[in-house]
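Biologist: Got a minute to go through this one with me? I'd like to hear the reasoning behind the labels.

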Amino acid sequence: MKKAQEHTAPKKYGMVIDLDKCTGCGACMAACMAENNVPFREDETDKNLSITWLRVYKLTNGKKFPNADVCYLPRPCMHCEGHHGHSPCVSVCPATATDYSYDTGIVSQIYTRCFGCRYCMAACPYHVRYFNWWDPVWPEGMEKMLSPNVSVRTRGVVEKCSFCFHRYQIAMEKVRYEGRAELAEDEYQTACTQACPANAITFGDLNNHDHAVYKLKTHPDAFRLLERLGTNPKVYYISSREWVRRQGDNYLENEGKVVAKAH
Amino acid sequence: MDTALIPEGRKRCPLWQFVLFIAVVGAVLLWGVYAMILCWLKGLNQTNMNNAYGFALWIWADLAVIALGGGAFFSGFLKYIIGKDELKNLINYAVIIGFICYSSALLILAIDIGQPLRGWFIFWHANVHSMLTEVAFCLSCYFAVLTIEFIPLILENRQIDKVRFFHNLSHNMHHIMAVFAATGAFLSFFHQGSLGGVAGVLFARPFGFREGVLIWPWTFFLFTWSAAACGPCFTILITKITEKVTRKKLVKDNVIELLAKISGWMLLTYIVAKIIDTWYWAVVTAPEAGFTMMDFYSNNPLYGLWILFLEIVLGGIVPALILITPAGRKNKATLLLATVLAVIGVCVNRWVMVLQVLAVPVMPFESWFMYAPSWQEVATTILPLAYGAILIAIAHRYLPIFPQEPELNPVEQQAG
Amino acid sequence: MFPFSFEWIWDMSHMVFHGGLWYALSIIGLGMTYCILKSVVDTVQGKGGDGHH
């Protein structure tokens with residue numbers, strides 16, 4: 001298995017989300033919950049206690065009618081590369097329970113290794129890491145509908161979006177079985193990407209010239225969240241609206257207009 | 001009834017008074033133990049922590065008690081390495097206070113982690129690049145050192161000392177205590193610093209992040225420095241409280257004043273470094289991330305510039321100036337005030353470096369995250385205080401902690 | 001923590017970190033072993049009667 005991986009070029013999976021297309025319907029969130037056996041509680045009023053690997057934020061431009069504008073921003077794990085894989089969360093985990101893969105660019109979480117210190121949560125500025133404050137309890141009969149490809153997490157450990165890594169593993173098994181070296185773009189797609197009715201999410205290998213994300217990330221209106229902090233995220237957003245792009249990062253008052261950066 | 005256990009030449013309160021004290025404080029302890037058991041059995045949903053506050057009251061308490069327990073390593077360093085021999089009259093108590101602080105910190109950590117039974121993973125699967133790993137290793141090792149420093153004291157109990165092996169063991173441990181103290185100082189310099197590094201390395205959390213040298217952010221050095229400055233203040237404060245409770249003078253003024261003077265100079269130099277650090281962070285580090293300093297101190301119900309004033313001016317400059325002035329440290333009231341302010345200062349510093357780091361919104365479309373602890377968190381944080389009071393009471397009653405006590409409080413009918 | 005753990009890498013950071021750790025542990029361990037053994041020998045030799053040290 002390892003040998004086959006060595007023969008393929010390192011990938012850097014990432015996402016480009018077109019915020020002008022996103023309607024905020026939440027299908028991506030629902031698909032993610034179902035795909036990854038994400039637990040939920042009867043009362044989800046307190047969103048700071050909910051587990052939402054992919055969370056859709058509502059952004060407003062703060063203006064009044066008729067200039068009021070709204071934007072929905074889906075936020076999965078950014079799978080930060082940081083500086084040479086030095087992502088904020090991976091470097092701080094004391095028990096090596098989270099890892100940056102140089103083969104895929106995916107930040108993994110090893111649930112059976114995590115002992116729940118929550119240092120990674122403190123390190124992540126995107127709030128993509130969630131703690132299991134309770135043991136998961138599924139409504140009667142629902143446990144039979146859980147995905148067999150994703151392990152259910154116990155109380156007391158941290159979990160987060162994995163870019164549906166199990167799908168990558170299944171796809172790679174097929175590739176190896178068929179004796180191929182490379183994975184085609186459509187063979188590995190995340191659940192949220194496929195569920196989005198507006199096709200706002202595009203997923204693929206950011207290193208691969210043939211993948212759509214390779215071109216999209218260089219779109220003049222593309223930006224990443226909190227780039228200035230040096231997290232080097234692998235999720236890109238596109239918006240034609242300047243106020244939306246400006247909410248992607250923190251700027252001092254005198255810093256003027258946001259100019260999309262070359263990547 | 002327990003006269004045979006009380007050290008010779010020392011007067012203690014009647015047994016009923018002692019038992020009553022233990023019972024009252026013990027009730028508080030049991031309350032804390034109940035909350036602790038709830039957390040272990042039902043999980044961390046018993047707390048008010050949430051996904052925005054992965055660290056909260058407990059981690060602050062950990063950082064605070066470890067800073068306050070710094071009196072043990074720094075007094076040990078001054079006595080055994082620098083050669084300030086007068087401190088032998090206070091070192092025993094500094095060790096006991098340190099022991100209480102560090103055992104409390106370990107206990108709180110054991111409650112704080114989501115999977116306590118996997119706690120050993122931090123050692124076994126150690127990620128050497130994590131500040132928390134360094135904390136765990138050095139903290140555990142230093143706790144072992146503190147235990148080793150505490151053992152000879154226990155062995156000096158009148159009855160235990162009669163056993164020849166224990167007498168010899170105590171003697172031999174005293175004999176090489178400098179080696180243990182030096183190891184303790186080495187470990188402490190690192191873990192106090194690593195605790196500072198915990199927030200300082202969070203490059204995606206602009207309130208906590210600091211630049212630094214090699215792998216260590218400036219907070220690494222500032223935490224060690226502040227613990228060395230404020231830990232001894234806490235030792236002095238607890239000694240003064242003990243003197244008040246026992247209605248006896250236990251340590252001569254010249255010993256207290258020496259430690260207070262050193263502490264004052266440490267605090268003054270620390271606070272100068274802290275001001276430089278804060279200034280550089282405010283005008284260089286934070287703006288590079290797109291933040292002005294006032295972004296961190298406005299638009300929220302709690303964190304304002306007052307907290308910076310409380311930490312740096314009231315909890316730093318004022319006590320430092322009192323302690324470096326001979327008149328300031330000789331006057332009992334100002335000495336006490338200075339130690340209290342220094343303790344508050346270092347506790348506020350630990351608070352902001354844990355809680356405020358998480359409270360500040362980093363994504364522009366988010367707002368401040370506020371938090372109030374649950375009763376279970378409060379009870380488990382008070383638990384170490386009760387445990388500390390009980391341990392001090394027992395240790396003071398049955399062990400000769402203060403070498404100057406017989407001289408300062410001569411007992412008339414010593415023969416009995 | 002140990003070279004046989006699969007996380008272990010023979011790089012500078014592991015060697016510095018664990019070097020410091022095992023150095024401290026060795027001093028603590030050897031120091032206590034010395035104290036206990038010497039105390040056993042002293043006790044067997046009849047030292048440490050009612051006197052004070």
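Biologist: What does the secondary structure of chain C come to, in helices and strands?

Modeller: This is a predicted model, and in it chain C has one helix and zero strands.

Biologist: How many of the residues of chain C count as buried?

Modeller: Of its 53 residues, 28% do. The label needs under 20% relative accessible area, so that share of chain C falls below the cut-off. As for what chain C exposes, that is about 3500 Å², with 74% supplied by carbon and sulfur atoms.

Biologist: On to chain B and chain A. What makes B:D112 and A:R118 a salt bridge?

Modeller: Their side chains meet at 2.9 Å, N to O. The cut-off is 4 Å between an Arg or Lys side-chain nitrogen and an Asp or Glu carboxyl oxygen, so the pair qualifies. The rule finds one salt bridge across that interface, plus 30 residue pairs in polar contact, both residues at pLDDT 80 or more.

Biologist: Which kinds of residues make up the side of chain B that touches chain A?

Modeller: There are 29 nonpolar, 17 polar and six charged.

Biologist: How many residues are in contact there, and which ones in chain B lose the most area?

Modeller: 52 residues of chain B are in contact with 53 of chain A. B:N51, B:F203 and B:F365 lose the most area to chain A, together 19% of what the chain B side buries. Phe counts as nonpolar and Asn doesn't, so that trio is a mix. The area buried between the two chains is about 4200 Å², and carbon and sulfur atoms give 59% of it.

Terms used
Residues are numbered from 1 along each chain as its sequence is written. Chains are lettered from A and ligands numbered from 1 in the order in which they are written. This is a predicted model: local features need pLDDT of at least 70, side-chain atom pairs count only at pLDDT 80 or more; totals for chains, interfaces and linings use all residues. Side-chain values use heavy atoms; hydrogens and water are left out. Helices (H or I, at least four residues) and strands (E, at least two) are DSSP runs, numbered from the N terminus. Buried means under 20% relative accessible area, exposed over 50%, partly exposed in between (1.4 Å probe, protein chains only). Accessible areas come from the Shrake-Rupley method with a 1.4 Å probe; for residues, only the protein chains shown count as cover. Contact means heavy atoms within 4.5 Å. Buried area is the accessible area (1.4 Å probe) that two parts lose on being put together, summed over both. A polar contact is a pair of N or O atoms within 3.5 Å; within protein, one must be able to donate a hydrogen and the other to accept it, and residues adjacent in sequence count only if both atoms are side-chain atoms.
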